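Dear colleague,

Please find below the structure that I am handing over to you. I would be grateful if you could read the notes after it with the coordinates open.

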Amino acid sequence: MGATLLAAVVAVLSKQWCRLNGWDAPGVHIHMCYSDFGQLFPTRGLAEGYFPFFTPLPEDQWMEYPALLAVVAGVTSWFVPQDGTLLERTVTYFDINAVGALLCWLIVVVATAYTARGRSKDALMVAVAPGIILTSFLNWDLWAVMLAALGLLLWSRSHPVLAGVVLGLGAAMKLYPLFFFGAILVLCWRAGKLGVFFKSLAAGAVAWLAVNVPFMLTAFDQWSRFYTFSGDREVSFSSMWLAFTWTGWSGETFSLISNGLFALCCLGIAYLGLSSRHRPRMAQLCLLIVAAFILLGKVYSPQFVMWLMPLVVLARPNWRQFWIWQAVEVYHWGGVWMESARITSEGAFGGGALWIPLWYGSGIVLHMAAVIWICVSVIRDILDPDRDPVRHSAAAGAARDVAPAVTAAPGATTDAPAIDATPSVSLPPPDPSAGILAEEPDRFLLPPAGRGRVLTG
């Protein structure tokens, strides 16, 4: 907790210039303190007391976010006093949402620690990660990250229905928790427990509909803005598709290609999950799916790094690799804001120097390379379970638990023959957080593609 609070202080200080001077461009980009909290409060009707999706607003003031995120943005605006200047009220709105983000951050750390079980100290990476420090107060993404982390925790505690509810709420906040159901499908299919998957999915659908249906019925145009905007928007910051804008393709065309490639990646991940010689871990599959979505998306907003944070810690808790990745993300983050400052100042910032586009372009390449590096490491761990640090730690813990405790009987001599009191035990399950599937044998497998010894249990 203390480490997270200290990191949060650093996060607030990184936004201090904007808290004092406002969120106007290009200064907000030059000082790298941009936040949607500060940008959207005065421009989406929130300062006037209007509630997203509830109050009729001009189209240019519609929220381009999923319903539950818009609800959080609206509810937090109720706590802003009506007196004071617009800047003072905007700072108050920022501070209120920063407190909310901090609470989410703390919950993510705790949930990750409990999900990691025998490696709970790995959650410290989430507590002090530079990627979270720099982007935690940029948008409401930490709310979705919190729900995703709680979903993983509930799954690990054999509560698939509750996990489905929480992931459904997460999908109503940001889209990416929806992809966790893909990992659940693969694991349940492999274990012959598709009923567990359908119960979890149904619970998630009910939770998502409970949030969305009221707005679908009363303000469909505003509610659907997120989905139409996502499909129609042009290629934007840090996307690999920036390299193909010379084609002149529309946003819809890029969406079709991006979504098609993502679907192919999901099929590949499903094949990996069903063909590996040992069942993959939940966090491993979730990481691969979310990483594919991020790498192939039309935009990579800086705060998307938080989506990966708990997944990387649970799937590949390698401290050296984690900190190299974080250093790359910090480098990329700086390049994004320098390029944004150059654009919003109409070229005045930097005076046309090449260092800005070079920094920005190299940051994109390095960011993608780092994420791919982690994904390749995870795939290798799946194919060769002896490489997996989580399984290695679980096996070491089990070995300690079953260590023989032999006590000499009264009157026995030291010449008595030694007795091997080591009990015969099976290896620990492949995923210490496998939840309800932990004791289930594999019932559906595709031709194996793994290597290394076949683990049981």
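The notes below cover the annotated spans, a surface patch and two buried polar residues.

Please bear in mind throughout that this is a predicted model.

Annotated spans

An unreviewed UniProt entry lists the following residues under "transmembrane region": 96–116, 123–155, 161–189, 201–220, 254–274, 286–309 and 358–379. Two of these spans may be set side by side. Residues 96–116 are 100% helix and 0% strand, and the C-alpha atoms at the two ends of this span are 31 Å apart. For residues 286–309, the helix content is 67% and the strand content again 0%, with 12 Å between the end C-alpha atoms.

A nonpolar patch on the surface

Six side chains deserve a look together: L185, W189, L194, F198, L201 and F444 make up a nonpolar surface patch, and their combined accessible area is about 480 Å². Helix 11 (180–191) and helix 12 (194–218) are the elements that each supply two or more residues to the patch. Of the contributors, helix 12 gives the most, namely three residues. L201, one of the patch members, is located in helix 12. Its relative accessibility is 32%, so L201 is classed as partly exposed, a class that lies between 20% and 50%.

Q222 and its surroundings

Q222 belongs to helix 13, which covers residues 220–223. Is this residue buried or exposed? Q222 is buried, because its relative accessible area of 8% falls under the 20% limit. A polar atom of the Q222 side chain lies 3.3 Å from the backbone nitrogen of F53. F53 is also among the residues in contact with Q222 once neighbours within four places in sequence are set aside; the others are T55, P56, L57, W62 and M63.

S156 and its surroundings

S156 is placed in helix 9, residues 141–156. With a relative accessibility of 2%, S156 is under the 20% limit and therefore counts as buried. Which polar partners does the side chain of S156 have? The S156 side chain reaches the backbone oxygen of L153 at 2.6 Å, and a polar contact of 3.4 Å links it to the side chain of R157. Beyond residues up to four places away in sequence, S156 touches T115, R117, S433 and G435. T115 falls in the span 96–116 that the UniProt entry lists as a transmembrane region.

With kind regards

Terms used:
Residues are numbered from 1 along each chain as its sequence is written. This is a predicted model: local features need pLDDT of at least 70, side-chain atom pairs count only at pLDDT 80 or more; totals for chains, interfaces and linings use all residues. Side-chain values use heavy atoms; hydrogens and water are left out. UniProt positions are given in the numbering used here, feature names are shortened, and annotations may be inferred rather than shown by experiment. Helices (H or I, at least four residues) and strands (E, at least two) are DSSP runs, numbered from the N terminus. Patches are made of residues with over 30% relative accessible area and no salt bridge: like charges are joined within 9 Å, nonpolar side chains (Val, Leu, Ile, Met, Phe, Trp, Tyr) within 5 Å. Accessible areas come from the Shrake-Rupley method with a 1.4 Å probe; for residues, only the protein chains shown count as cover. A salt bridge is a side-chain nitrogen of Lys or Arg within 4 Å of a carboxyl oxygen of Asp or Glu. Buried means under 20% relative accessible area, exposed over 50%, partly exposed in between (1.4 Å probe, protein chains only). A polar contact is a pair of N or O atoms within 3.5 Å; within protein, one must be able to donate a hydrogen and the other to accept it, and residues adjacent in sequence count only if both atoms are side-chain atoms. Contact means heavy atoms within 4.5 Å.
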